[in-house]
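This report describes a few local features and the relation between the two chains. The sequence and the structure come first.

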Number of protein chains: 2
Amino acid sequence: MTATGTGEPGLRERKKQATRRALQRIALELVASQGLEQVTVEQIADAADVSARTFFNYFATKEDALVATDPDAVLQIRAQLAQRPAQESPLAALRAVYVERAERLVDQSEFWRLRTQVGSTYPDLFARMIGASASLERGVAIALADRMGVDSHDPRPTLVAGIGSAARRAATYAWIDGEYKEAYATILDRTFDQLPELILDSAQPSP
Amino acid sequence: MTATGTGEPGLRERKKQATRRALQRIALELVASQGLEQVTVEQIADAADVSARTFFNYFATKEDALVATDPDAVLQIRAQLAQRPAQESPLAALRAVYVERAERLVDQSEFWRLRTQVGSTYPDLFARMIGASASLERGVAIALADRMGVDSHDPRPTLVAGIGSAARRAATYAWIDGEYKEAYATILDRTFDQLPELILDSAQPSP
C-alpha cells in the first residue's frame, strides 16, 4: 500500500497511518496508567477524537491496538531492499534498511517505552507482540529470498532475517537499559558492527 | 532441577518429564485431529492414563499443554554451556550445546510436527509458542552473559542468543520443508556453517 516504489507512503495513506498510530499510542497510555481491564474501546476512541466505529476500522479489539505492528512494514521493507545496490550482501542491505527506518522513527521513543511497559505487565500481550514480530520476520525472509534469487525454502534468507531481528532486539534492550538517551538508530548500527566478531570464531567448535 | 552438573536429569525427574511430555503430545494429537474447542482436559488426562488432578500439576489449562516448552531447558542449557571449553567463543559453545540437544531429540519429530501443525492452525497459540521461545532466548542470553563475564546489559549475549535462535528457526523450517527426512541435528549444524558467509560482507554497507 505504498504510493511510490521507494516505500514512502502518499498523503492519504500517511493520514491513515497517523490515525492508526494515534489509536495505538492512546491505547498504550491508557492501559499503562489504568490497567488493561479498566480501559474500553470507547474510551480510547474518545481520547483520540474518533468514533468507536472508526476504531474498529483499524483494530478488532483493544488488545489488537496494543500489540499490532505496522501492517505495511513488510511491503515497505521489501521496497527499500529493492533500492539497495545489487552488490550489497543480503545482511548489509537489511542492515541499511533497518538503520534507515530507525532514523525515521526518532520521535517514537515514548511509543516504544509504553509498549515495552505494557508488554512486561501482561505476559499474554507480550506473547502476541513477539508473535507479530515473528510474522514480520517471515515476511522479511521472503523478501530477502527474492533479492537473493533463491527459493523461499533455502534456509539462508530465514537466517539473515533472524540475524536482523536479533540485532534489533539486542539494540532495543540496550536502548531501554540506557533510558532512551542515545538514538536507537546509532545503537542499532553499532550492534550490527558486533556481528563479525561474534560469528567468526563459531565455525569450528571444539570436539 | 538437574541431579548432576551436566544437565542430565535424575530418574525421578526423568519420570516427571516423561509424564509432562506425554500430556503435551496427547494434547497436540487430540487438538490436531479434533480441533481446539472439542478437546477437554479430562479427555487429555484419560488418554494419558492419569487423573485431571495430575494434569493440573503440570499445566493450568489445555492451551498451556499445547504451547509450553521444557521448563528446565534454560537450566540445562546453562549447565551444558558451563561444560564447554573456556576458549570456545560464546556462539561456538552455544552451537555445540544446541546441536548436542538436537541429537538427543531424534525421536521427537512427531511432537514437533504436531506442534507446528497446531501452531499454523491457531494464530493465538502460535503467538504463545513464539513467546515461550522468546522467554527461553532471554534465559540463554543471561547464561551467556555469565559465561562471557559481561553485564547482562551488554548487547552481545542477547545478540549471540538471538543468532542461535535464528539458526534454530531456519533449521526448523528446512526440516519441515524436507518432510523430516534428514535429522534435525544435521540440518542445524549445517545452518550454523552458513553464518560466516552471510555475516562477512555486512560490516560495511554501501553509503
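What covers the buried residues of α5(A)? The cover includes α1, α6 (90–104) and α8 (123–148) of chain A, where contact means heavy atoms within 4.5 Å. The buried residues of helix α5 (residues 73–83) of chain A are A:A73, A:Q76, A:I77, A:A79, A:Q80 and A:L81. Buried means under 20% relative accessible area, exposed over 50%, and partly exposed in between (1.4 Å probe, protein chains only). Helices (H or I, at least four residues) and strands (E, at least two) are DSSP runs, numbered from the N terminus.

The model is predicted: local features need pLDDT of at least 70 and side-chain atom pairs count only at pLDDT 80 or more, while totals for chains, interfaces and linings use all residues. Residues are numbered from 1 along each chain as its sequence is written, chains are lettered from A and ligands numbered from 1 in the order in which they are written, and side-chain values use heavy atoms, with hydrogens and water left out.

In chain B, helix α5 (residues 73–83) packs with helix α8 (residues 123–148) at an angle of about 25°, their axes being 9 Å apart. Axes are lines fitted to C-alpha atoms, for helices over the stretch in contact, and angles run from 0 to 180 degrees between N-to-C directions. α5(B) is therefore roughly parallel to α8(B), a term for angles under 35 degrees. On the α5(B) side, the contact is made by B:A73, B:V74, B:I77, B:R78 and B:L81. The residues of α8(B) in this contact include B:L136, B:G139, B:V140 and B:A143.

Two polar residues can be set side by side.

| Residue | Place | Relative accessible area | Polar neighbour |
|---|---|---|---|
| A:T40 | loop between α1 (11–34) and α2 (41–47) of chain A | 36%, partly exposed | backbone nitrogen of A:Q43, 3.1 Å from a polar side-chain atom of A:T40 |
| B:S165 | helix α9 (residues 155–177) of chain B | 12%, buried | side chain of B:E137, 2.8 Å from the side chain of B:S165 |

The pair B:S165 and B:E137 is a polar contact, that is, a pair of N or O atoms within 3.5 Å; within protein, one must be able to donate a hydrogen and the other to accept it, and residues adjacent in sequence count only if both atoms are side-chain atoms. The C-alpha atoms of A:T40 and A:T61 are separated by 9.4 Å, with their positions 21 residues apart along the chain.

Chain A can be laid on chain B with an RMSD of 0.0 Å by a turn of 180° and a shift of 0.0 Å along the axis. The two copies are thus related as by a two-fold rotation axis. Both copies use the same surface, as 100% of the contact residues of chain A recur in chain B. Superposition is by least squares on the C-alpha atoms of residues with pLDDT of at least 70 in both copies.

Note on methods. Parallel < 35°, antiparallel > 145°, perpendicular 65-115°, else oblique.
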